[in-house]
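Here is a short briefing for a reader new to this structure. Please look over the chain first, then read on by topic.

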Amino acid sequence: MAVSDVHVRYRAASLEKDVYPGRTATARTVDRLLGRPPTVSVRALGGVSFVARSGESIGVIGRNGSGKSTLLRILAGLEPPSRGTVLAESTPVLLGVNPALVPDLSGEQNVRLGLLAMGRSPAEVDRLLPDVVALAGLGKAIYLPMRTYSSGMGSRLRFAVAAAAEPRILLIDEALATGDASFRERSERRMDELRAQAGTVFLVSHAAQTVEETCTRAIWLEGGKVVADGPAAETARRYRVWTWRLAHGRQEEADAILAATRATYAPPLVPVT
């Protein structure tokens, strides 16, 4: 997969005073009477470029609002970038934490439907079902309606179903952070298997330790831009140190870490034809 100079901007309503400093008082009054709040341009991604190769497990880390989930939607083809190009050799499979499920059906029935929707034959569904159930690790809850599941249980089941599709490119949004140690271990083994099959895995998470333990490479986003792109352990640790400094009010030290990291990052030249 090649991502070249991807930008995402959108307009959002804003209640900030003087958001349009050049507008007259009359124009603002008309906006209020029509229930039309002023809008501002929001940059979700600003010039993201990278190449993802077969066999890599890439963690995308960053604070809330840094652009992680937006990048995932762009990679999945769920929305077009405002500018830039994304090329993939196969259709990515997105595993998010909130996809629609059939709440009145059991987990097992949802597994069957999910596998059939991904093109598996009934015979393949019967063959794959035990492995999917085992990976999810829900016990007897697999026979209960999905509406009785916690968000973590639903995420675990979705990961198991998506992994059974054996995608060439698997996109995961926070799903591994919702499980216990046993589930994370099973998930890591499954991700290793996907990489061994020359697949590429993207894991989007704000938990740097999860990325450090499960990925081979990490991309750090802040403010919609890439701060660092390198080995998972090194990049995730630096990110953890930065967030620790922020959390403890050591702003100057955090700013110094961010500036030094940015200074060493060189955006790749991504050939896109």
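Two strands pair if DSSP finds at least two bridges between them. Helices (H or I, at least four residues) and strands (E, at least two) are DSSP runs, numbered from the N terminus. This is a predicted model, in which local features need pLDDT of at least 70 and side-chain atom pairs count only at pLDDT 80 or more, while totals for chains, interfaces and linings use all residues. Residues are numbered from 1 along each chain as its sequence is written, and side-chain values use heavy atoms, with hydrogens and water left out.

**Strands β6 and β7**
- Strand β6 covers residues 169-173, and strand β7 covers residues 200-204.
- The two pair in the parallel sense, over five bridges.
- Leu171 has Phe202 of β7 as its bridge partner.
- Five of the five residues of β6 are buried (under 20% relative accessible area; exposed is over 50%, partly exposed in between; 1.4 Å probe, protein chains only).
- Ile169, Leu171 and Asp173 are buried on one side of β6, and Leu170 and Ile172 on the other.

**Nonpolar cores**
- A nonpolar core is a set of buried Ala, Val, Leu, Ile, Met, Phe, Trp, Tyr and Cys residues joined through side-chain atoms within 4.5 Å.
- The largest one has 42 residues, and Leu115, Leu157 and Trp220 have the most contacts inside it.
- Helix α5 gives the largest share of this core, seven residues.
- Apart from it lies another core of 24 residues, including Ala52, Ile74, Ile169 and Val226.
- Leu157 is in contact (heavy atoms within 4.5 Å) with Gly107, Val111, Ala136, Leu138, Ile142, Met146 and Tyr149, leaving aside its neighbours within four places in sequence.
- In soluble globular proteins, nonpolar side chains tend to be buried together.

**Helix α4**
- Helix α4 runs over residues 122-136.
- Its 15 residues should span 21 Å at 1.5 Å a residue, and its end C-alpha atoms are 20 Å apart, which agrees.
- The expected span is 1.5 Å times one less than the number of residues.
- α4 bends by about 40 degrees at Leu128, and Pro130 follows within four residues.
- That bend is the angle between axes fitted to the seven residues ending there and the seven starting there.
- Its buried residues are Val125, Leu128, Leu129, Val132, Leu135 and Ala136.
- Their cover includes α3 (107-117), α5 (151-164) and α6 (181-196).
- Gly137, just after α4, takes a positive phi of about 65 degrees.

**Helix α8**
- Helix α8 runs over residues 232-247, and its end C-alpha atoms are 22 Å apart, in agreement with the 22 Å expected for 16 residues.
- Ala232, Thr235, Ala236, Tyr239 and Trp242 are its buried residues.
- Seen down the axis of α8, these fall within an arc of 120 degrees, so they line one face of the helix.
- The arc is that of the directions from the helix axis to the C-beta atoms.
- The buried residues of α8 pack against β3 (57-61), α7 (208-214), β8 (217-222), β9 (225-231) and α9 (251-264).
- Gly249, just after α8, has a positive phi of about 75 degrees.

**Two single residues**
- Thr70 sits in helix α2 (residues 68-76).
- Thr70 counts as buried because its relative accessibility is 11%.
- Not counting residues up to four places away in sequence, Thr70 touches Val8, Ala44 and Leu45.
- Asp5 lies in strand β1 (residues 2-13).
- Asp5 is not a glycine, yet has a positive phi of about 50 degrees.
- With a relative accessible area of 33%, Asp5 is partly exposed.
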